[in-house]
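Here are my notes on the model you sent, set out as numbered points. They go from one residue and its surroundings to the chain as a whole.

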Amino acid sequence: MTDLYAAVAMQLTARSVADLPDRAATSAAMLAQIDTVAAQILQAKVFIEQYGGSPLRLAVLPEYLFTSYPGRITIPDFAARAAIAADGPEYAALGTVAQRLGLYIATNAYETDPHFPGLYFQASVIVAPSGDVVLRYRRLNSMYAPTPHDVWRKYLDIYGLDGVFPVADTDIGRLAAIASEEILYPEIARALALRGAEVFVHSSSEIGSPALTHKQLARRARALENLAYVVSANTAGISGTAMPLASADGNSALVDWKGNVLAESNSGETFTAFGDIDIVALRRARRKPGMTNYLSRQRLELFAAAYAGSVQPADALGTGDIPDRDHFKRVQDAVISRLDAAGLI
């Protein structure tokens, strides 16, 4: 067990594949970018270990780094052109990088699943120094993309709850993933913490600001309320689109289990959000009685009835219907109308 090690949030530029002609071109671009990212992580590793003295064992990459977001490309077209197979060459290439550098790499990408043809899921994946994938988490709350919750019964039948809320027990602690804006939803982090998660890897693409943003506040809250570290990597802009480059840039951060920001990046491509992860201190805090041991003070039965109801319904896509892009807004409109009719909003 590695008691004390360094982690880094790699703030890198995502590259849109929207203008690439086919799957072959997209895969070639992703593999080339993985080579570039490998060199960037290596240079970060050399600096961090020389600067702070702790071995770098965990590198977190930003959200959809290798493709950017789908935009208005239809769901089946984006799945065919840009989504990665779980056994595809892109993950194999990341595994090779993890082996060569001797660290865990957390990434985020869109994935296909043979059980749900024509769909894709946004996945946060952790590759171990062995080269193996040790965690695969599919984003559960997304505004404009399919999620496991949209095909809930079939997804549960296939993967079970362990596949919905996975936690990887590793030699650097128990790792779990939170994707993008899911950091704003405390239930997801809490569900993972109650399965033992100690370090949340958070791949994001978000607005940076010198003022506190919603996600900055949420990172601190999720850390302290669960007594867990958060390693949050933002994009350094998104290239290949008409959107101004720095629209999703800055504020990558490492937050400790007290909610303290140990390091935070400014704008641009950088590895400056790095620092030490002290798993022994975290575990000591979780075992110590006191008012600040929030994780041990949860009275979950109090809230069971409130959470038994439905706001956004499960199985909105049945067992795998292919939606158009406007489907998700229609579902939300119906939810808001229902909450209004019930006098809840």
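1. Strands are here DSSP runs of E with at least two residues, numbered from the N terminus. In this predicted model, Gln-122 lies in strand S4, which spans residues 121-127.

2. Is Gln-122 buried or exposed? Its relative accessible area is 5%, and because buried means under 20%, Gln-122 counts as buried.

3. The side chain of Gln-122 has polar partners in two other side chains: that of Glu-63, with a polar contact of 2.8 Å, and that of Asn-108, with a polar contact of 2.9 Å. Setting aside neighbours within four places in sequence, the residues in contact with Gln-122 include Glu-63 and Asn-108 themselves, together with Tyr-64, Ala-109, Tyr-110, Tyr-137, Arg-138 and Arg-139.

4. Turning to the whole protein, the secondary structure consists of nine helices and 13 strands. The radius of gyration is 20 Å, close to the 20 Å that the globule rule gives for 345 residues, so the protein is as compact as a globular protein of that length. Along the principal axes, the C-alpha atoms fill a box of roughly 55 × 55 × 40 Å.

5. Of the 345 residues, 51% count as buried, and among contacts with a separation of 6 or more, 73% are between residues 24 or more positions apart.

6. As for the surface, the protein exposes about 15100 Å², of which carbon and sulfur atoms supply 56%. The protein has 31 positive and 36 negative charges, and the mean positions of these two sets are 5 Å apart.

Terms used
Residues numbered from 1 in each chain as written. Predicted model: local features only at pLDDT ≥ 70, side-chain atom pairs only at ≥ 80, totals over all residues. Heavy atoms only, no water. Helix = DSSP H or I, 4+ residues; strand = E, 2+ residues; numbered from the N terminus. Rg over C-alpha atoms; globule rule 2.2 N^0.38 Å. Buried < 20%, exposed > 50% of the residue type's maximum accessible area, 1.4 Å probe, protein only. Contact = heavy atoms within 4.5 Å. Areas by Shrake-Rupley, 256 points an atom, 1.4 Å probe, with all protein chains shown as cover. Lys, Arg positive; Asp, Glu negative; His and termini not counted. Charge placed at Lys NZ, Arg CZ, Asp CG, Glu CD. Polar contact = N/O pair within 3.5 Å; in protein donor to acceptor, adjacent residues only side chain to side chain.
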